[in-house]
Amino acid sequence: GLHQNEFIETRRHRFSTQVTHHTDDSVNMFNLLEGEEVIVESPTNKFEPFVVHYAETFMVPASIGEYTIRPYGKSEGKECVTIKASVRFRA
């Protein structure tokens, strides 16, 4: 998913504090690879915050734009890892 000719781009993210993501006009799919739970939130209240647990997969619609993910509950203060997949647009 990292080669420029691949249709789907995949990125692994490591974080222990809140991180900001942008959909960039593409649906974003995630899986929580490490950490017990994280919370996904919209800084502009486009959706209700939701908690994701280890090994769960979730999607963020392209229309959301900016959103955040941070360790939550038992994972607060610990490193979490997600993998993010999105459609790569070509100019």
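Of the 91 residues in this chain, 33% count as buried. Keep in mind that what you're looking at is a predicted model.

So how is the chain put together? It has 8 strands and 0 helices, and if you read along the sequence you get β-β-β-β-β-β-β-β. The radius of gyration is 13 Å, close to the 12 Å that the globule rule gives for 91 residues, so the chain is as compact as a globular protein of that length. Its C-alpha atoms fill a box of roughly 40 × 25 × 20 Å along the principal axes. As for the contacts between residues at least 6 apart in sequence, 75% of them join residues at least 24 apart.

Now for the inside. The largest nonpolar core has 13 residues, and those touching the most other members are Val38, Val40, Val52, Phe58, Tyr67 and Ile69. Here are the elements that give two or more residues to this core:

| Element | Residues |
|---|---|
| strand E3 | 28–34 |
| strand E4 | 37–41 |
| strand E6 | 57–60 |
| strand E7 | 66–71 |

Which residues does valine 40 contact, leaving aside its neighbours within four places in sequence? The list runs Phe47, Pro49, Phe50, Val52, Phe58, Tyr67, Thr68 and Ile69.

And the outside? The accessible surface of the chain comes to about 5,700 Å², with 50% of that belonging to carbon and sulfur atoms. On the charge front, there are 10 positive and 13 negative side chains, and the centres of these two sets lie 5 Å apart.

Terms used
Residues are numbered from 1 along each chain as its sequence is written. This is a predicted model: local features need pLDDT of at least 70, side-chain atom pairs count only at pLDDT 80 or more; totals for chains, interfaces and linings use all residues. Side-chain values use heavy atoms; hydrogens and water are left out. A nonpolar core is a set of buried Ala, Val, Leu, Ile, Met, Phe, Trp, Tyr and Cys residues joined through side-chain atoms within 4.5 Å. Buried means under 20% relative accessible area, exposed over 50%, partly exposed in between (1.4 Å probe, protein chains only). Helices (H or I, at least four residues) and strands (E, at least two) are DSSP runs, numbered from the N terminus. Contact means heavy atoms within 4.5 Å. The radius of gyration is taken over C-alpha atoms; the globule rule is 2.2 Å times the number of residues to the power 0.38. Accessible areas come from the Shrake-Rupley method with a 1.4 Å probe; for residues, only the protein chains shown count as cover. Lys and Arg count as positive and Asp and Glu as negative; His and the chain ends are not counted. The place of a charge is taken as NZ of Lys, CZ of Arg, CG of Asp or CD of Glu.
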